[in-house]
Every structure is written in C-alpha cells, then in structure tokens.
Amino acid sequence: MDLLEMLNQKMFLGQEFLTWLWYLAEQEQPVDLGEGRSVMVYLGEFLQLGPAQGAEGSRVTVRGREVSLAEAREGLRRGKLVEAIRVGLDLDEDEYWLTIKAPGLEVSSLKLPSVDQGEGPEARDDLLLERVFLIDSVLGALEGLFGIFLQGRLADQGGGELWRDLRRWSQGG
Amino acid sequence: MGLFRGSVTLTRYQVVGNLPSSLADFLDQRVRRFAFRSIEDGTEELAVGWVSVHDYLDTEFAYGGYHLDPYIVLGMRIDRRRLPAALVKKYHRLEIQKALASLPPGEKLGRSRREELKEKTRLDLLRRLPPATQAVDVCWDTNRRRLWLGSATGSVRELFEELFQRTFELTLRPLIPWLLARELVGPKGLEPLEAARPLALYREEA
C-alpha cells in the first residue's frame, strides 16, 4: 500500500480523536499527560460534525455561547463524527483556546496566554521564545492527548474500553 | 500572518533530511541567498523570499539574528501583483483603438498584433501596479526537526514548501494524524495502527 493510499485510509483517526475530545470535555475531569502534567478540556463555541469516513451525508454545525448541543448530539446518534471543534485547554495554570480540524488536525485561531512585552532587541527575542514555548506547550498537550486516545483506541480491534465509553456517551448512556 | 502576534493559525511539518554539521554557516549562506528581493520597480507578478521575522522590510537581518538556538525564526515575504482581467481587457481595447487609428481606413489588426498589444498592456499595467505584501512567520526547531508555518492556506503552503526545499534542500512532510500517530505509538504499536479501520458510534439494533 503506498503512502497516499494509507493516508486516505487513515483519515478517520482525526475525526475519531476530535469526537473523543468532545467526550473528554463533558467528563469535566483532568487528564494525566504524564511527567506531572495534566490538562482539562473544555468545549468552546464551535462544533462541526460530518459523515464518518466512507459514509455520505450532510454536515451539522453549531456555534455560539448559547448553542444547544441537541442537534450535534442527534448527529452523533446518526453516526456522524466531529470534523472541527473549538476547545479550551487548562494547562500548567494557563488557559489556551484553539480550533482543531480533522482530518489534518490543523490548529487555527489559537489564543495563547498573554505574554509581558518588554522593549529592545533582547526583549523582542525573549517574546519570540516565550511564544514558541507556549505554542510548543499546547501542541505538546494536544499530542499527549492524541497519544492517550491512540493507546485506548488501538487496545483491540473494537476500539477497546475507550470506544465502548464513547459509544455509551454518544447514545446518551 | 503569525505565530508571534495575535492568535495563531499554523501548519505543522516534519523536516526530513540531514543538516550539515556547520549549521550556522550553512543557514547564513542559504538564508541570505534566498532572501527576499524587491520587485517594486519591475513587472514581475510574484516574489517570495526570507525576511526578518520582526520586520518584513529587513532582508539584512539587521535587527538581530534568526537563529535562536535551537530555533530558526524567519519571515517568508510574498509580494504579488494581481491584474484584474477586466482591467486588462479595458486597456487592451484602448490600445487596439489607438493602433487602428494609425492605420489606413478599412485595414484591420492581425491576430499576432492584437496579442502583442495585449502583452504590452499587461506589462504597462504591471509597471503601474504596486505589489501587495504578505509576511508569514516560520519557526523551525532544528533539534526535533519540527517546523511551524504561520498559515494554513493552501497557496501559501505551496510557496513555502517550494522556497524551503530550494533554500535548504530538505523535504517537508506535513504532520498529519497518521504520521503523528506512527511517531506516538512507537514500533510496537505500528501493527494495530496499520490494521485499524473506522469504527461506528452508532450500531443498528437488530
């Protein structure tokens, strides 16, 4: 199987991971990332569901603070998965907000914690490095979550306990 | 478009290929060779090159280096002249009118002459049109071979991938979930990963 074929076949990983992030946000429990780090996931003001890989169907998009998730939940019950989600991550006592899209796990509109701005060339480089550190931190947490997801999802061919939990949750159980 | 100001939109890459041992010299030579060259006084429609991440007018990197070990932080500047087709059409017609006026009555312009006038119109307009500038932040972690581009736009990504490859003779691989997953699961997890198929959340009741 060539690389392109493999990439197309595995696009579902992004959708399934984002759906699991929504589930995590509703558990309201910190997730242990190891090495003394933990992260809390919050659902933001944007959620888009689409047909699962290989299926056909329409998209469901919900947005805004007052949004009702009923329509999105109905989409889940009909077999749709999350294509894009805005989440908050509470990490190292800082708050980050970002939008993530499947299938590439593209990160956009990432809002970082504020950074003190000094003056002069040195302060400018410090600011760059601080931003790099913050971006690295949040992407590292995202990769940590993806790693935890994969560990559970690949536990057996049926997606392990992780998928059974996700299925119960998606059916409102 | 940025990594270093405001909210961040980015594309993640893995850098594939070997870096030379004298990294600083190599980078300096290559970045300067492919630094942005102005097309302000010309008729070129596109120019792409490296600039300081602090100021897209700085191609000498006067306000500090781009090498904040282990990171390389650069700006990619894109200057474009985009001629609206309707504008070319209008001025082409005016050129044709002028040319016809200088011909004896009843004589027509040949196809090749019309094409020549179209190209002349295009170049005249390009000369008068200042290019629009866009600057995109780039951050490359040379230790971990990861790179972030401060944009997710397809056309910007294409220009960047081409410039990066020409400059450093290294390949960029977008860090999509599948490749990231391969890295995260390690050698033992590869078999279940490759065998994994989409799962359904909804199971039809019998």
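Biologist: What share of the contacts in chain A between residues at least 6 apart in sequence join residues at least 24 apart?

Modeller: Among those contacts in chain A, 53% join residues at least 24 apart, where two residues are in contact if their C-beta atoms, placed from the backbone, lie within 7 Å. This is a predicted model, in which local features need pLDDT of at least 70 and side-chain atom pairs count only at pLDDT 80 or more, while totals for chains, interfaces and linings use all residues. Residues are numbered from 1 along each chain as its sequence is written, and chains are lettered from A and ligands numbered from 1 in the order in which they are written.

Biologist: What makes up the secondary structure of chain A?

Modeller: Chain A has five helices and six strands, which are DSSP runs numbered from the N terminus (H or I of at least four residues for a helix, E of at least two for a strand). Along the sequence, these elements of chain A follow the pattern α-α-β-β-β-α-β-β-β-α-α, and the C-alpha atoms of the chain fill a box of roughly 55 × 45 × 30 Å along the principal axes.

Biologist: How do you know that the span of helix H2(A) agrees with its number of residues?

Modeller: The expected span of a helix is 1.5 Å times one less than its number of residues. For the 16 residues of H2(A) that gives 22 Å, and the end C-alpha atoms are 23 Å apart, so the two agree. Just after this helix, Glu28(A) takes a positive phi of about 55°.

Biologist: Why is H2(A) called roughly perpendicular to helix H5(B)?

Modeller: The axes of H2(A), residues 12-27, and H5(B) come within 8 Å and cross at roughly 75°. The axes are lines fitted to C-alpha atoms, for helices over the stretch in contact, with angles running from 0 to 180 degrees between N-to-C directions. Angles under 35 degrees count as roughly parallel, over 145 as roughly antiparallel, 65 to 115 as roughly perpendicular and the rest as oblique, and therefore H2(A) is roughly perpendicular to H5(B).

Biologist: Which residues meet where H2(A) and H5(B) touch?

Modeller: Leu13(A), Gly14(A) and Phe17(A) of H2(A) meet Pro177(B), Trp178(B) and Ala181(B) of H5(B). By class, this contact has five nonpolar, one polar and no charged residues, given that Ala, Val, Leu, Ile, Met, Phe, Trp, Tyr, Cys and Pro count as nonpolar, Asp, Glu, Lys and Arg as charged, and the others, Gly among them, as polar.

Biologist: How many residues of each chain take part in the contact between chains A and B?

Modeller: Here 34 residues of chain B are in contact with 43 residues of chain A. On the side of chain B that touches chain A, the elements giving two or more residues are E1, strand E4 (71-80) and helix H5 (177-195), and H5(B) gives the most, with nine residues. By class, that side of chain B has 28 nonpolar, six polar and no charged residues.

Biologist: What makes strand E6 of chain A and strand E1 of chain B a pair?

Modeller: Two strands pair if DSSP finds at least two bridges between them, and two bridges join E6(A), residues 106-111, to the antiparallel strand E1(B), residues 8-16. Leu110(A) stands opposite Val8(B) there. E1(B) also pairs in the antiparallel sense with E6(B), residues 146-149, over four bridges, and in that strand Leu147(B) is the bridge partner of Tyr13(B).

Biologist: Why is Leu74(B) called buried or exposed, and why Ala152(B)?

Modeller: A residue is buried if 20 or more other C-beta atoms lie within 10 Å of its own, exposed if 12 or fewer, and partly exposed in between, with C-beta atoms placed from the backbone. Leu74(B) has 24 such atoms, so Leu74(B) is buried, whereas Ala152(B) has 17 and is therefore partly exposed. Leu74(B), in strand E4 of chain B, touches residues including Val31(B), Trp50(B) and Val138(B). Ala152(B), in the loop between E6 and helix H4 (154-168) of chain B, touches residues of both chains, among them Glu106(A), Ser108(A) and Leu10(B). The C-alpha atoms of Ala152(B) and Leu10(B) are 5.7 Å apart, although the two residues are 142 apart in sequence.

Definitions and conventions:
Lists of a residue's contacts leave out its neighbours within four places in sequence.
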